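Open the model in your viewer and keep the selection panel at hand. The tour moves from one loop to the next, then to the ligand.

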Amino acid sequence: MNIEAIKEKIRGDIGREILFFKEVSSTNTIASHLAETTAEGAVVLAESQEKGRGRLGRVWISPPGVNIHMSVLLRPKIKQRDATLLTIMSAVACANAVRRITGLDISIKWPNDLMASHRKLGGILTEIRTDAGKIPVAIIGIGLNVNIGLDAFPEDVRKIATSLKNETGRSYSREEIIAGILNEINRWYAHLNTSGGEMLLPEWKRLSSTIGKYVKVTAGDETFSGFAESIDSEGRLLLRLPSGELKRVSAGDLTVLR
Ligand code: BTN
C-alpha cells in the first residue's frame, strides 16, 4: 500500500493523517483506542484484520493485500439523535466514489450495504460515543472488496458477496479508491456539519436499491414483509405492511423480494 500516493490525492482534512498497519484486530477498535490523542479526520488503514467486525456481531473477512479496511475518526457537530446520518453519508460517499472510478452501477441496500449486481461489495460499521446529546467521537469503519477472488471467501459468503475484480475482471488501485472515498467524505461531511445534511437523504434514496421494492426484513425474532416506501431522517426504513400499517424498522437484515 502506497500511503503517499493516497495522501497526494486528498483534498480536505479527512485523510490528511493516515495511520497504516499491516495487521490489526479491527481498524475500528484501533481508531477507538487512538481517539483521545488523534485529530479529527485521521484514518486507520490496515492490510488485514484478524477480527474484522461486521454489523450485528458478524465477522468481516479481511485477508491481506486485496481489499480496503479503514476507519475514519470524526467529531461531528450534529446531535446524537441524527447519528444515523453519519452512516448514510458514508454509504453515499462510498457509492459515488466507486461508481465514478469503476463505472459500475453501485447501489445501497438498506441500511448500509454497498451492492453490485445484487451482491454485497462492501459495508459500513459506524460506532459512536455520546455525551449529553452530542457525539464527541464517531468512527466510520469501511470495508470494500476490491481485488479479492470469490474463491477466497468461505462458501456461505461466496454466494452473496462480490468484489470489483469479480464484477469487471480487472484489478483496481486500492490507493485510488481510498482517496476517492475520502474525498467524497470530505465533501459530504462538510455539507452535514454546515447544512445538517439536507441533501443526504435524497441522495441516499437516489442510490438505493431498496426503496420502491417489496422486501422482507428480519429484525431479531421478527420478520416483516412489505413495500419499502422510504427512510426517515433517523435512517429507519418505512415499511408499508399488507395490513396498511406503516412500520418503522431501525435495524435488521433485508431481502428484496421482487
Ligand atoms: C457490515 O456488516 O456490512 C459492515 C462491515 C464493516 C467492515 C469494516 S472493515 C473496516 C472496519 N473495521 C472493522 O472491524 N469493521 C469495519
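Leaving aside its neighbours within four places in sequence, which residues is S209 in contact with? Select S209 and show what surrounds this serine. The model is a predicted one.

**Stop 1: S209**

The contacts of S209, with neighbours within four places in sequence set aside, are S107, I108, K109 and V256. S209 itself belongs to the loop between α7 (200-207) and β8 (214-219). Now display the side chains of S209 and S107. A polar contact of 3.2 Å links them.

**Stop 2: P111**

Next, select W110 and P111. The peptide bond between W110 and P111 is cis, with omega about 5°. P111 lies in a loop, with β4 (107-109) and β5 (113-116) on either side in sequence.

**Stop 3: S117**

Go on to S117, in the loop between β5 and β6. Check its backbone torsions. Phi at S117 is positive, about 45°, although S117 is not a glycine.

**Stop 4: the ligand and its cavity**

Select the ligand. Where does the ligand sit? The ligand occupies the largest cavity. Four elements each give two or more residues to the shell around the ligand: α2 (27-34), β3 (68-74), β6 (119-131) and β7 (134-144). Colour β6 separately. β6 gives the most to this shell, with 4 residues.

Now select the shell itself. There are 20 residues around the ligand. The closest are S26, Q49, R53, R55 and K120. Colour the shell by class: 5 residues are nonpolar, 11 are polar and 4 are charged.

**Stop 5: polar atoms at the ligand**

Show distances for three residues in turn.

- S26: a polar side-chain atom is 2.8 Å from a ligand oxygen atom.
- T27: an N or O atom of the side chain is 3.1 Å from a ligand nitrogen atom.
- R55: a polar backbone atom is 2.6 Å from a ligand oxygen atom.

Finish with the surface of the ligand. How much of the area that the ligand exposes when taken alone does the protein bury? Taken alone, the ligand exposes 410 Å², and the protein buries 98% of that.

Methods:
Residues numbered from 1 in each chain as written. Predicted model: local features only at pLDDT ≥ 70, side-chain atom pairs only at ≥ 80, totals over all residues. Heavy atoms only, no water. Near = heavy atom within 4 Å. Polar contact = N/O pair within 3.5 Å; in protein donor to acceptor, adjacent residues only side chain to side chain. Areas by Shrake-Rupley, 256 points an atom, 1.4 Å probe, with all protein chains shown as cover. 1 Å grid on protein atoms, 1.4 Å probe; cavity = no way out; pocket = protein on both sides within 12 Å on 5 of 7 lines; lining within 4 Å. Sits in = over half its atoms within 2 Å of the grid points. Nonpolar A, V, L, I, M, F, W, Y, C, P; charged D, E, K, R; others polar. Contact = heavy atoms within 4.5 Å.
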